[in-house]
Amino acid sequence: MTALEKAELPFKLFKRGKVRDVFEVDGRLLIVSSDRISAFDFVLPSLIPGKGRILNRIAAFWFERTKDLVPNHVLSAQPGTLAEFQAHAAILEQRALLARKLDAFPVEAIVRGYLLGSGWKSYQRDGEICGVKLPPGLRFADRLPEPIFTPTTKAEKGHDEDIRFDQLAEQLGRETAGQLRDLSLKLFAFASAYALERGIIIADSKFEFGHDEQGRIVVIDEIFTPDSSRFWKLADYLPGQEPPPLDKQFVRNHLLASSWDRSSAPPALPAEVIAATAEKYGEIFRILTGRQP
């Protein structure tokens, strides 16, 4: 299949996100990953061939590996093989998950293991991130003494905003906020140990959670994909320096070095950046899953 911009399917469109097209089918969600890529809250005009398959397959890989650690929303990682979707198997193959429809918490649950990005700016300004005090003297891209939970709002439009744990507790209740923190840290610890055995550092990652009718908390959306996490090769890491990324940060870095003002319509990516991005996504998939993209 050529690069997919959007999935044309005869189902009720539930939501068209920056990257995923979500359809509602008999009270369930059919989540189809496109080849779109976003950065700085914009969907870029360029597609990354094969990206949607990588995102879907690596998320399915992690959901399967962590299902006994934290429950997730997946009903089927191969919906195209189900009788009701076989007519659309060509679109759905390796790009889709069938998931439970759950009420989502309006928060991005972020865990940071290293000091960079907006966390670095916050640390330089306040010596803390989302109210979590950090030791003085840390350098850019330094490993933190231990991973920290730094939630943000989840804005439908505009930028997400950092919030402190106490603010999250006021919004959701202290018990629920504590569960989101603990589950996020548990997932991060598990995946970080697994990745490190394969020579990969997970610098940070974001999660989304929902809850079912009984109030049980379930991880949703995607986990440990190159869109939602920062991946580095351990061999490339030097304290105080950010290694070459194996994730979406590669595209962000290109845009940061360009003349784009990050408020007007974003430019198309050069062919060499598109090709390099596709290769990086494929490489991290191969390393982490042991499979071919």
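Strands here are DSSP runs of E with at least two residues, numbered from the N terminus. V25 lies in one such run, strand β2. The model is predicted. The points below cover an open sheet of 5 strands, the helix that packs on this sheet, two helix pairs, and the pairing of strand β14 with β15 and with β16.

**The open sheet and helix α1**

- The sheet has 5 strands in the order β1-β2-β3-β7-β6, and their pairing is antiparallel.
- Its edges are β1 (12-16) and β6 (74-76), each of which pairs on one side only.
- From one strand to the next, the twist averages 35 degrees.
- Within this sheet, strand β3 (residues 28-33) and strand β7 (residues 96-100) are joined in the antiparallel sense by 5 bridges.
- V32 is placed opposite A96 in β7.
- Helix α1 (residues 51-66) packs on the sheet, where it touches β2 (20-25), β3, β6 and β7.
- The direction of α1 makes about 45 degrees with that of β7.

**V25 in strand β2**

- V25 has a relative accessibility of 7% and therefore counts as buried, the cut-off being under 20%.
- Leaving aside residues up to four places away in sequence, V25 touches F11, L30, E84 and F85.
- V25 and E175 are separated by 150 residues in sequence, and their C-alpha atoms are 33 Å apart in space.

**Helices α4 and α5**

- Helix α4 (residues 165-172) packs with helix α5 (residues 174-197) at an angle of about 125 degrees, and the axes are 7 Å apart.
- α4 and α5 are therefore oblique to each other, since the angle falls outside the ranges for roughly parallel (under 35 degrees), roughly antiparallel (over 145) and roughly perpendicular (65 to 115).
- The crossing of α4 past α5 is right-handed.
- On the α4 side the contact is made by F165, D166, L168, A169 and L172, which meet R174, T176, A177, G178, L180 and R181 in α5.
- By class, the residues of this contact are 6 nonpolar, 2 polar and 3 charged.

**Helices α6 and α7**

- Helix α6 (residues 249-256) and helix α7 (residues 271-289) cross at roughly 155 degrees, and their axes come within 9 Å.
- α6 and α7 are therefore roughly antiparallel to each other, a class that takes angles over 145 degrees.
- From α6, F250, V251 and H254 meet V273, A276, T277 and K280 of α7.
- The contact of α6 with α7 divides into 4 nonpolar, 2 polar and 1 charged residues.

**Strands β14, β15 and β16**

- Strand β14 (residues 200-211) pairs with β16 in the antiparallel sense over 5 bridges.
- In this pairing I201 stands opposite W232 in β16.
- In strand β16 (residues 229-233), 4 of the 5 residues are buried, so the strand is largely enclosed by the rest of the structure.
- β14 also runs antiparallel to β15, to which it is joined by 4 bridges.
- G210 faces V218 of β15 across this pairing, standing opposite it.
- The hairpin of β14 and β15 has 5 residues between the strands, and in it G215 takes a positive phi near 85 degrees.
- In a regular strand, side chains alternate between the two faces of the sheet.
- Strand β15 (residues 217-220) is covered on both faces, with I217 and V219 buried on one side and V218 and I220 buried on the other.

Key. Residues numbered from 1 in each chain as written. Predicted model: local features only at pLDDT ≥ 70, side-chain atom pairs only at ≥ 80, totals over all residues. Heavy atoms only, no water. Axes fitted to C-alpha atoms, helices over the stretch in contact; angles between N-to-C directions. Left-handed = near helix turned anticlockwise from the far one by under 90°. Contact = heavy atoms within 4.5 Å. Nonpolar A, V, L, I, M, F, W, Y, C, P; charged D, E, K, R; others polar. Buried < 20%, exposed > 50% of the residue type's maximum accessible area, 1.4 Å probe, protein only. Pairing = 2+ DSSP bridges.
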